[in-house]
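Me: I should like to go through a structure and ask on what grounds its features are named as they are. Please show it before we begin.

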Amino acid sequence: MRRSLKEANCFWFRIQDTNDVSRFVKKAISEKQPGDFMVVMKGTPVLIECKTSRGATSYRLYYGKTRTIPPHQVEAAKRIEKHGGKAFFLIRKDATRNKE
């Protein structure tokens with residue numbers, strides 16, 4: 001994602017979340033974030049949330065009783081679109097990494 005954004009002619013930044021901060025601070029607490037990236041492309045604000053799926057052709061909407069796309073992210077996407085922006089949930093297949 002970052003490589004694609006760097007190659008695009010746009011302004012963007014990565015929105016830090018608890019998982020990012022907890023690598024440096026043991027008991028990190030952060031606000032619920034609306035997405036992973038905030039982009040401005042040709043004057044249009046764009047919110048991007050990146051998800052991964054282990055399924056080759058599908059994406060699970062729930063893990064047990066937990067939604068894979070939290071309600072606060074759905075609401076943020078609706079709000080940004082209400083105000084003239086765009087919002088995307090990008091899903092990629094999680095590839096097994098060779099950690100040798």
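The exchange below takes up the model as a whole and then some of its residues.

Me: What kind of model is this, and how confident is the predictor in the protein chain?
Reply: The model is predicted. Its protein chain has an average pLDDT of 87, and 82% of the residues score at least 70. Confidence is highest in β2, at 97, and lowest in α2, where the mean is 65. Where pLDDT is low, the predicted coordinates should not be read in detail.

Me: Which secondary structure elements does the protein chain hold, and in what order do they run?
Reply: There are three helices and six strands. Starting at the N terminus, the order is α-β-α-β-β-β-β-α-β.

Me: How much of the protein chain counts as buried, and what share of the contacts is made by residues 24 or more positions apart?
Reply: Of its 100 residues, 26% count as buried. Among contacts with a separation of 6 or more, 51% are between residues 24 or more positions apart. The accessible surface is about 8100 Å², and carbon and sulfur atoms account for 53% of that area.

Me: What makes Ile 15, Met 38, Leu 47, Ala 76, Ala 77, Ile 80 and Ala 87 a nonpolar core?
Reply: A nonpolar core requires buried residues of the listed nonpolar types, joined through side-chain atoms within 4.5 Å. These seven residues make up the largest such core. Helix α3 (residues 71–82) gives the largest share, three residues. Apart from this core lies another, of six residues, including Cys 10, Phe 37, Val 46 and Ile 48.

Me: Which residues does Met 38 touch, leaving aside those up to four places away in sequence?
Reply: Met 38 is in contact with Phe 11, Trp 12, Phe 13, Ile 15, Pro 45, Val 46, Leu 47 and Ile 80.

Me: Why is Asp 36 called buried?
Reply: The cut-off for buried is under 20% relative accessible area. Asp 36 has 10% relative accessibility and therefore counts as buried. This residue is found in the loop between α2 (18–21) and β2 (37–41). Beyond four places in sequence, Asp 36 touches Phe 13, Arg 14, Ile 15, Asp 17, Ile 48, Glu 49 and Cys 50.

Me: Why does Lys 42 count as exposed?
Reply: Exposed means over 50%. Lys 42 stands at 80% relative accessibility, so it counts as exposed. Its place is in the loop between β2 and β3 (44–53). Although Lys 42 is not a glycine, it has a positive phi of about 50 degrees.

Me: How do you know that Arg 2 is partly exposed, and which residues does it touch beyond four places in sequence?
Reply: Partly exposed covers values between the 20% and 50% cut-offs. At 43% relative accessibility, Arg 2 therefore counts as partly exposed. It lies in helix α1 (residues 2–7). Arg 2 touches Trp 12, Arg 14 and Phe 37. The C-alpha atoms of Arg 2 and Phe 37 are separated by 9.1 Å, with the two residues 35 apart along the chain.

Me: Why is Leu 90 called partly exposed, and which residues make the nonpolar surface patch?
Reply: Leu 90 has 35% relative accessibility, so it counts as partly exposed. Its position is in strand β6 (residues 86–93). Together with Met 1 and Phe 88, Leu 90 makes a nonpolar surface patch of about 250 Å². Membership of a patch requires over 30% relative accessible area, and Leu 90 has 35%.

Conventions: Residues are numbered from 1 along each chain as its sequence is written. Side-chain values use heavy atoms; hydrogens and water are left out. Buried means under 20% relative accessible area, exposed over 50%, partly exposed in between (1.4 Å probe, protein chains only). Helices (H or I, at least four residues) and strands (E, at least two) are DSSP runs, numbered from the N terminus. Contact means heavy atoms within 4.5 Å. Patches are made of residues with over 30% relative accessible area and no salt bridge: like charges are joined within 9 Å, nonpolar side chains (Val, Leu, Ile, Met, Phe, Trp, Tyr) within 5 Å. Accessible areas come from the Shrake-Rupley method with a 1.4 Å probe; for residues, only the protein chains shown count as cover. A salt bridge is a side-chain nitrogen of Lys or Arg within 4 Å of a carboxyl oxygen of Asp or Glu. pLDDT is the predictor's confidence in each residue, from 0 to 100.
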